[in-house]
Amino acid sequence: MHSPLALRLCKSALAANYHHLCTRSGTVAGAAIKADAYGLGVQAVARLLLAEGCRDFFVSTWREAAELGFLEPGLLSVLHGLGPDDEPRSGVRPVLVSPAQVARWKASSWASEPCDVMVDTGMNRLGLGFAELDCLDGLTIHTLHSHLACADETHPLNQIQLNRFCEIRTAVSAGRYSLANSAGIYLGRDYAFDLVRPGLALYGGIPCPAASEIEQVCTPRAQIIQLRRVEAGSGVGYNATFTAPRDMTVAIINIGYADGYRRAFSSLGYAVFDAADLPVIGRVSMDLVTLDASAAPGLREGDWVDLEFDLQQAALQTGISQYELLTGLGRRFQRTWI
Ligand SMILES: *Cc1c(COP(=O)(O)O)cnc(C)c1O
């Protein structure tokens, strides 16, 4: 079935980002593919990264793990661990995050299988505390993780978390140790250990200024439903927030905030057609956006435009994080990898 909105996804950019992060970290890079691979489509992303040599994948929940049955055993971990209602899957490791989860795993029929463990080193989100590490005795820990709270900025907590993680590494024996997310990779190789766990930067997000080599992976595109003439002085869109300064041609395209093209792009974003910039005018609606088509006199109904979606720039302009911009991309896009 025809879809009037699409995500153009670039295989070579995803691959380049993956290899760049491997090189930069100096160790093995896995991939956080939770939340449908940050909105890009988890099945395709996992297959493409697998082909690039990625052997460690992270989702948040067992339900997400169930969509990845094609991964061979041992490649996938579930970051939220083993809750009271979860049923583990063979070949998938829980990342146990609390003494209660450790006890649940030990009491299960899976207890002799390898698991991962998350320790808290200062973020106070998921993970076992320093004083709780004794409960890990008897587990076969495949990978011991912690997670950085402030890796995307210069912050004293980074060094504190690194020091604590080093201490834990000497106290708890595990097959591998892993601390860094995308931004953490750029803190330096001290933070890399045996495995890094990027998400954002794989998908074209720029986690910190040093990550300028990261390539954009994803471009939203939408088809023009209607071109119309607007007379000087009349308003455009909800609440008539834009008033035409002159007679002009506008293009109404098939995308809106329900697709993750956020309302914050109202009178701020723009689309590109044939190298011409077409600014968004007025409010972004649920399913529609109006563009000033003045710069592209050749535009026709049915033509496709690319929405400008430089994540770093868009985040700066809108105050919406790069993570939210990506993970908000909705279900109505046809996702096409080229
Ligand atoms: C989501 C997540 C990551 C990836 O983080 P990015 O900032 O997207 O690179 C890594 N580790 C854990 C535990 C996560 O939850």
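Here a biologist and a modeller chat about the ligand in this predicted model.

Modeller: Quick ground rules: residues count from 1 along each chain as its sequence is written, and side-chain values use heavy atoms, without hydrogens or water. In this predicted model, local features need pLDDT of at least 70 and side-chain atom pairs 80 or more, while totals for chains, interfaces and linings use all residues.

Biologist: What makes a residue count as surrounding the ligand?

Modeller: One of its heavy atoms must lie within 4 Å of the ligand. The ligand has 14 such residues, and Lys34, Tyr38, Ser182, Leu200 and Tyr323 are the closest.

Biologist: Why is the pair between Tyr38 and the ligand called a polar contact?

Modeller: A polar contact is a pair of N or O atoms within 3.5 Å. A side-chain N or O atom of Tyr38 sits 2.5 Å from a ligand oxygen, so the pair qualifies. For Asn181, also through its side chain, the distance is 3.1 Å; Leu200 uses a backbone N or O atom, at 2.8 Å.

Biologist: How much of the ligand does the protein bury?

Modeller: Alone, the ligand exposes 390 Å², and the protein buries 92% of that (Shrake-Rupley method, 1.4 Å probe).

How values were computed: A polar contact is a pair of N or O atoms within 3.5 Å; within protein, one must be able to donate a hydrogen and the other to accept it, and residues adjacent in sequence count only if both atoms are side-chain atoms.
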